[in-house]
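Here is a brief report on selected backbone features. Have the sequence and the 3D view at hand while reading.

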Amino acid sequence: MSDERYDLAIVGSGGAAFAAAIAARERDLAVVMVESGTIGGTCVNTGCVPSKAMLAAAEARHVAASQRFPGVPTQAGRVDLAALVGAKQDLVEAMRAEKYVDLAAEYGWRVVHGFARFAGEADAPVLDVDTADGPVRIDAAQYLVANGATPSAPPVDGLAATGYLTSTTALELTALPASMVVVGGNAVGLELAQLFARLGVDVTVLEALDRLAPFDEPEVSHALADAFVADGISVVTDAMVTSVRRTAAGYVVTVDAEDHGGVELVAEQLVVATGRRPATEHLGLDGVGVKTDERGAVVVDECQRTANPRIWAAGDVTGGPQFVYVAAGQGTAAVDNAFADARRTLHYASLPRVTFTSPAIAAVGLTAAEAAAHGLDVDSRVLPLDRVPRAIVDGDTRGLVKIVADRATGRVVGVSMLAHGAGDAILAAVYAVKAGMTVQQVADTWAPYLTAAEALKLAAQTFTRDVSKLSCCAS
């Protein structure tokens with residue numbers, strides 16, 4: 001076994017790992033990164049980049065098929081999924097090379113391909129790595145665990161034996177199925193369901209809780225469900241999958257649903273999108289004093305330090321918000337804290353989140369229910385998109401804006417949007433929440449006319465005006 005020594009050893013190569021490696025190299029530290037799979041992590045390889053590329057293609061076909069504007073005839077032909085997936089993969093490989101592989105070479109850290117496991121003692125941890133060229137032992141001053149999470153599935157009778165698609169493998173199909181059941185009505189399941197429906201697949205979404213997007217505002221959930229039904233997607237909530245089997249006809253999914261009783265759904269393909277679990281099972285963390293919780297997530301303090309003072313963790317492996325920008329922020333903070341004792345902490349009160357459906361869900365801060373759970377006395381108002389000029393001229397008024405404000409101070413504590421362009425417009429709400437702006441200040445701020453962002457200003461005006469009395473131009 002060959003021995004190597006570094007200032008920082010990183011397990012994983014995704015957003016958290018790369019941000020940490022860059023921060024460390026900018027301090028002129030010796031860095032090694034260990035990756036067991038494809039460099040780049042989830043976002044570029046199997047998550048954000050490929051899914052949004054496919055969603056854009058599905059949206060293009062939907063627009064062509066819908067003929068929304070009089071006098072502009074359009075049509076959508078048969079989808080060549082193999083060609084679409086090939087183009088998606090070309091994009092992934094190009095971005096992986098530019099944003100990850102080339103960047104690692106430019107900054108000058110070593111990448112070791114192999115399976116890493118902690119060894120040694122808690123006060124002298126090392127990494128043993130199984131590589132194609134033989135075992136390597138890495139000794140570092142500090143370690144960062146940043147190897148992300150993997151799709152998980154519920155313990156349903158027959159599910160493991162029959163096999164199923166995940167968020168990763170669903171995007172690797174090269175032929176469209178005639179029908180598909182998607183288990184999971186949160187962000188990933190919603191995106192996949194609409195993607196395949198708009199490519200021409202007969203899709204049913206099953207959600208165990210009482211509404212789609214169950215952690216968003218109820219008004220958003222109900223409006224999105226209406227949009228899904230309008231797209232021809234079947235939606236079943238309060239739906240508990242009890243068993244899965246395969247027949248010559250395809251997957252047979254037995255569902256106990258409150259509104260439907262016990263039913264059997266038959267589909268050519270089955271996608272399970274019920275969450276992700278931290279990838280910590282084979283890292284040997286217990287042996288070096290690193291604690292994990294009941295889900296396997298690495299337990300860290302507010303500075304990203306684990307129970308072992310020389311081992312840090314960042315990104316999805318910690319079980320926190322699963323966004324690449326959060327992972328990157330945590331990775332950078334971990335390096336600053338490990339090597340400069342900066343004691344940096346991250347704050348998530350103004351963290352934005354987007355689900356890339358059409359219309360898209362975007363939110364920041366607290367929902368009304370979360371605010372109440374925090375003991376806040378809040379006032380909230382909802383503005384339907386049929387009062388927003390951008391939506392009116394686009395011919396699509398599905399959606400809304402909801403603002404939650406502290407009743408005593410008027411301070412904006414949460415904003416939710418369901419609209420085309422919501423993912424871009426929500427940044428204005430992020431600034432409002434972060435700056436502690438009041439609804440009156442938002443209402444009095446200039447907003448460009450005929451933009452999705454103008455909806456935020458109009459929604460703020462509803463705290464002092466009746467919705468029906470809003471001008472067509474915000475003022």
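A213 is buried, because its relative accessibility is 0%, and the cut-off for buried is under 20%. The model is predicted. A213 sits in the loop between β8 (202–206) and α7 (218–230). Its phi is near 45 degrees, a positive value in a residue other than glycine.

R343 also has a positive phi, about 55 degrees, and is not a glycine. Its loop runs between α8 (324–340) and β16. Is R343 buried or exposed? R343 is exposed, because its relative accessible area is 62% and exposed means over 50%.

The table sets out the two positive-phi residues.

| Residue | Phi | Loop | Relative accessibility |
|---|---|---|---|
| A213 | near 45 degrees | between β8 and α7 | 0%, buried |
| R343 | about 55 degrees | between α8 and β16 | 62%, exposed |

Next comes a cis peptide bond. Which residues does the bond join? S358 and P359 are the pair, with omega about 0 degrees. P359 belongs to the loop between β16 (352–355) and β17 (360–365). β16 thus borders two of the loops described here: the one holding R343 and the one holding P359.

Last, a hairpin. β10 and β11 form it, with 2 residues between them. β10 covers residues 239–247, and β11 covers residues 250–257. The two strands pair in the antiparallel sense over 8 bridges. To find one bridge in the view, start at M240: its partner in β11 is D256. In a regular strand, side chains alternate between the two faces of the sheet.

Terms used:
Residues numbered from 1 in each chain as written. Predicted model: local features only at pLDDT ≥ 70, side-chain atom pairs only at ≥ 80, totals over all residues. Heavy atoms only, no water. Pairing = 2+ DSSP bridges. Helix = DSSP H or I, 4+ residues; strand = E, 2+ residues; numbered from the N terminus. Buried < 20%, exposed > 50% of the residue type's maximum accessible area, 1.4 Å probe, protein only.
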